[in-house]
Amino acid sequence: MVYKILVVDDEHDAADAIKSRLIRQGYTAVTAYDGEEALLKIKEENPDIILLDLMMPKLNGFEVLKELREKFKDKWRPVIIVSAQDEIASLEKCYGMEADHYLTKPCDIEHILRGIRIMISLIPARIK
């Protein structure tokens, strides 16, 4: 199965670089550059995994995560936070809002890929 990953980050170059690497790794990848676009892409693209930045225009990552968990209950979509915010309060807030993994920028692509593989391994256990 080819998994679709949504990369959400307002830094276009960073999002596009991650997308390119994911595609080279055999995944399908799409990008969104702000929170509103992220919610639209979740609805349109039905991604399997979401890489989510926290500090973005329009809707921030916390708001996107809240909407996702409240309104998109059709399947479990692992959310990996990839953010420059390294405060414990941000990490605790994200996990309290049901984020599945948290990586701090700058983040090596290998850590992101490892997080994705871990989330993929959990998908069968979460299917209802």
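Select Asp-100 to begin: in this predicted model, Asp-100 is partly exposed, with a relative accessible area of 21%. Now add Arg-69, whose side chain meets that of Asp-100 in a salt bridge with an N to O distance of 2.8 Å. This pair joins distant parts of the chain, for Asp-100 lies in the loop between helix H4 (88-96) and strand S5 (101-104), while Arg-69 belongs to helix H3, 31 residues apart. Arg-69 counts as buried at 18% relative accessibility, because the limit for that class is under 20%.

Remain on helix H3 and select Lys-66 together with Glu-70. These two residues form a salt bridge, and their closest N and O atoms are 2.9 Å apart. Why are they separated by about one helical turn? Glu-70 and Lys-66 are four residues apart in helix H3, and therefore about one turn lies between them. Glu-70 has a relative accessibility of 42% and counts as partly exposed; Lys-66, at 44%, is also partly exposed.

Next, select Asp-48 and Lys-75. A salt bridge connects their side chains, at 3.0 Å from N to O. Here too the pair links distant parts of the chain: Asp-48 sits in the loop between helix H2 (35-45) and strand S3 (49-52), and Lys-75 in the loop between helix H3 (61-71) and strand S4 (79-83), with their positions 27 residues apart in numbering. Is each partner buried or partly exposed? Asp-48 is buried, at 12% relative accessible area, whereas Lys-75 is partly exposed, at 26%.

Continue to Asp-9, Asp-53 and Lys-105, which are linked in a network of salt bridges. The count for the model comes to 11 salt bridges.

Keep Asp-9 and Asp-53 selected, since both also appear in the lining of the largest cavity. To display that lining, add Val-7, Val-8, Ile-18, Leu-51, Leu-52 and Val-82 to the selection. How much space lies in the largest cavity? The space comes to about 40 Å³, and the count is one cavity of 30 Å³ or more. Rolling a probe the size of a water molecule over the atoms shows where such empty space is left.

Finally, colour the lining by residue class. Six of its residues are nonpolar, two are charged and none is polar. Highlight strand S1 (4-8) and strand S3 as well: each supplies at least two residues of the lining of the largest cavity. The tour may end at Asp-9 and Asp-53, which belong to the salt-bridge network with Lys-105 and also line the largest cavity.

Technical notes:
Residues are numbered from 1 along each chain as its sequence is written. This is a predicted model: local features need pLDDT of at least 70, side-chain atom pairs count only at pLDDT 80 or more; totals for chains, interfaces and linings use all residues. Side-chain values use heavy atoms; hydrogens and water are left out. A salt bridge is a side-chain nitrogen of Lys or Arg within 4 Å of a carboxyl oxygen of Asp or Glu. Buried means under 20% relative accessible area, exposed over 50%, partly exposed in between (1.4 Å probe, protein chains only). On a 1 Å grid over the protein atoms alone, a cavity is a set of points where a 1.4 Å probe fits but cannot get out, and a pocket is an open set with protein on both sides within 12 Å along at least five of seven lines; lining residues have an atom within 4 Å of a point. Grid points are joined across faces, edges and corners, and a volume is the space filled by probe spheres set on the points. Ala, Val, Leu, Ile, Met, Phe, Trp, Tyr, Cys and Pro count as nonpolar, Asp, Glu, Lys and Arg as charged, and the others, Gly among them, as polar.
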